[in-house]
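User: I'm new to reading protein models and would love a close look at one small part of this one. Could you pick a single residue, show me what surrounds it, and then work outwards from there?

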Amino acid sequence: MSDKTILIVEDEQAIADSIAFALGKEGFAPHHVMLGEQALLAARELAPALVILDVGLPDISGLDVCRRLRQFSEVPVIFLTARSDEIDRIVGLEIGADDYVTKPFSPRELVARVRVILRRAGNGAAQLTPPAAPPAPAVSRTPGFELRAAEARILFAGQPLDLTRYEYLLLKTLVEHPGHVLSRAQLMDRVWCDAPETLDRTVDAHVKSLRAKLRAIDDNADPIQTHRGMGYSLQPGA
């Protein structure tokens, strides 16, 4: 068994991506599949340390996956579900799940539960440390933007932006990943990591503020794109 591999069984890609990102930040090695049958195969091949299992899968129920998983493995299981009925929770725990999380949820809270369960299982996961991030260049350029990390400043169209702390961190994250769609959960984990009680809608408010400051410099500029149901991306030149 790998003490870092976490099997994510979730048919909604955006949810799976946010979970995988949060796990990766904490030094885990997430592996994602979308179907129950794939999950059973991956559980045999990978011998993961823990399985995060959605109840409502397209092919077979997550409850059935757990029942079949228990025939050959005692790997810890955390259920994800959109249903909060107590009977569902009881059934899930009785067939061998270790925990039960109702959507919507915070990926950071889920990772905390993963750590608790693995620590309880005694497999040493509590000793994991996040991988060291590569040093950021002093100055990096994305078309239209100049990020001066050492000065904690960002220039747009050659002009410095007057940004709050979180506006700077949010725009910095987008500038460092041009063209990448980042979900609210991913942005929360990267920007508001020291403020776990912050609501996801804070991202929307800060994006609105950033757009206003960018348009104050160039009225035709709209580089921060909204991807409905997915998140935001920076599209240089837009």
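Analyst: Let's start with Ala39, which you'll find in helix α2. Before zooming in, note that the model is predicted: local features need pLDDT of at least 70, side-chain atom pairs count only at pLDDT 80 or more, and totals for chains, interfaces and linings use all residues. Residues are numbered from 1 along each chain as its sequence is written, and side-chain values use heavy atoms, with hydrogens and water left out. Helices (H or I, at least four residues) and strands (E, at least two) are DSSP runs, numbered from the N terminus.

Is Ala39 buried or exposed? Ala39 is buried, with a relative accessible area of 3%; buried means under 20%, exposed over 50%, and partly exposed in between, using a 1.4 Å probe on protein chains only. So who does Ala39 touch, by the rule that contact means heavy atoms within 4.5 Å? Skipping residues up to four places away in sequence, Ala39 touches Leu7, Val9, Val33 and Val65. Take Val65 as an example: Ala39 and Val65 are 26 residues apart along the chain, yet their C-alpha atoms are separated by 7.8 Å.

Several of those names come back when we look for empty space. A cavity is a set of points on a 1 Å grid over the protein atoms alone where a 1.4 Å probe fits but cannot get out, and its lining residues have an atom within 4 Å of a point. The search of the whole structure turns up 1 cavity of 30 Å³ or more, and about 30 Å³ of space lies in the largest cavity. That volume is the space filled by probe spheres set on the points, which are joined across faces, edges and corners. Ala39 is one of the residues lining the largest cavity, together with Leu7, Val9, Leu40, Ala43, Val51, Leu53, Val65 and Leu69. Two or more lining residues come from each of β1 (5-9), α2 (36-46), β3 (50-54) and α3 (62-69). The helix we began with, α2, gives the most to this lining, with 3 residues.

What sort of residues line the largest cavity? By class, there are 9 nonpolar, no polar and no charged residues. Here Ala, Val, Leu, Ile, Met, Phe, Trp, Tyr, Cys and Pro count as nonpolar, Asp, Glu, Lys and Arg as charged, and the others, Gly among them, as polar. In soluble globular proteins, nonpolar side chains tend to be buried together.

Now let's step back to the nonpolar cores, each a set of buried Ala, Val, Leu, Ile, Met, Phe, Trp, Tyr and Cys residues joined through side-chain atoms within 4.5 Å. The largest nonpolar core has 25 residues, and Phe145, Ile154, Leu171 and Ile224 have the most contacts inside it. At least two residues of this core come from each of β7 (145-148), β8 (153-156), α6, α7 (184-191), α8 (201-217) and β11 (231-234). Here α6 gives the most, with 6 residues. Another core lies apart from it, with 22 residues. Val9 and Val33 are among the members of that second core, and both are also touched by Ala39.

Back in α6, which covers residues 165-176, we meet Lys172. Lys172 is buried too, with a relative accessible area of 19%. Not counting its neighbours within four places in sequence, Lys172 is in contact with Leu147 and Ile154. Its side chain also makes a polar contact with the side chain of Glu176, at 2.9 Å. (A polar contact is a pair of N or O atoms within 3.5 Å; within protein, one must be able to donate a hydrogen and the other to accept it, and residues adjacent in sequence count only if both atoms are side-chain atoms.) As for α7, that helix is mostly covered, with 6 of its 8 residues buried, including Gln186 and Asp189.

Finally, the whole chain. There are 8 helices and 11 strands, and 44% of the 238 residues count as buried. Looking at contacts between residues at least 6 apart in sequence, 57% join residues at least 24 apart. The Ala39 and Val65 pair, 26 residues apart along the chain, is in contact as well.

Definitions and conventions. On a 1 Å grid over the protein atoms alone, a cavity is a set of points where a 1.4 Å probe fits but cannot get out, and a pocket is an open set with protein on both sides within 12 Å along at least five of seven lines; lining residues have an atom within 4 Å of a point. Contact means heavy atoms within 4.5 Å.
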